[in-house]
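Let's take a friendly walk through a protein model together. Keep the sequence and the 3D view open as you read, and find each residue as it comes up.

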Amino acid sequence: NLVVATRGEPSNGGFLMLTPGLGEYEEYEAIRARQIESVKDLPHPKFNFQDGWGHNFVDSKDQWEAIKKNGTGWKFWGGHVDQGLLYHWVKHVQREVSLVIGERIQNWSTDSNGRHYMQQQLIAPLDELPEP
């Protein structure tokens with residue numbers, strides 16, 4: 001899975017690559033259905049910007065990163081629609097993703113104990129390529 005951050009958002013719904021797997025569409029739809037049900041009594045846009053799609057950044061002592069800012073809530077452009085759901089899907093459900101954040105690439109994975117961690121962060125990896 002590959003997600004590209006923008007200046008103010010951790011994901012761009014217009015550019016991403018996902019690795020499909022058996023049963024994952026149904027799991028994705030279940031997340032969407034749970035979120036819709038849990039916020040049906042909230043005012044427009046019917047979204048809980050603290051708990052988002054099922055991950056509370058403050059409770060988990062976590063944050064999202066974009067090129068120019070970071071955050072601990074789902075109040076980024078598109079956080080309550082596709083950009084937020086896709087970010088949640090790859091980072092907090094599948095837990096296997098490469099995040100492109102400006103000149104950085106973060107590779108996230110899960111260890112044998114189920115702990116989510118950053119395997120590596122590459123800084124300006126294209127600068128190391130030889131001249132053509």
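We will look at charged pairs and then at some details of the backbone.

A word on the source before we start: what you see is a predicted model. Let's begin with charge. Side chains of opposite charge can pair when their charged atoms come close. How many salt bridges does a search of the whole structure find? The answer is four, and we will visit some of them.

Start with E29, which forms a salt bridge with R32. Their closest N and O atoms are 2.8 Å apart. Where do these two residues sit? Both belong to helix α1, which covers residues 24–38. They are three residues apart there, so about one helical turn separates E29 from R32. Are they buried or exposed? The relative accessible area of E29 is 21%, which makes this residue partly exposed. R32 is partly exposed as well, at 32% relative accessibility.

Now move along the chain to E37 and K40, which form another salt bridge. In this pair, the closest N and O atoms are 2.7 Å apart. K40 has a relative accessible area of 45% and counts as partly exposed. Its partner E37 is also partly exposed, with a value of 47%.

For one more pair, scroll ahead to D111, which makes a salt bridge with R115. Here the closest N and O atoms are 3.2 Å apart. D111 is partly exposed at 23% relative accessibility, and R115 is partly exposed at 48%.

Next, turn from the side chains to the backbone, and go back to the loop between α1 and β3, where β3 spans residues 64–65. P45 is found in this loop. The peptide bond that leads from H44 to P45 is cis, and its omega is near 10°.

K61 lies in the loop between α1 and β3 too. What is notable about its phi? The angle is near 50°, a positive value in a residue other than glycine. K61 is exposed, because its relative accessible area is 77% and exposed means over 50%.

Our last stop is R95, in the loop between α2 (82–94) and β5 (97–101). Phi of R95 is near 60°, again a positive value in a residue that is not glycine. With a relative accessible area of 26%, R95 is partly exposed.

Terms used
Residues are numbered from 1 along each chain as its sequence is written. This is a predicted model: local features need pLDDT of at least 70, side-chain atom pairs count only at pLDDT 80 or more; totals for chains, interfaces and linings use all residues. Side-chain values use heavy atoms; hydrogens and water are left out. A salt bridge is a side-chain nitrogen of Lys or Arg within 4 Å of a carboxyl oxygen of Asp or Glu. Helices (H or I, at least four residues) and strands (E, at least two) are DSSP runs, numbered from the N terminus. Buried means under 20% relative accessible area, exposed over 50%, partly exposed in between (1.4 Å probe, protein chains only).
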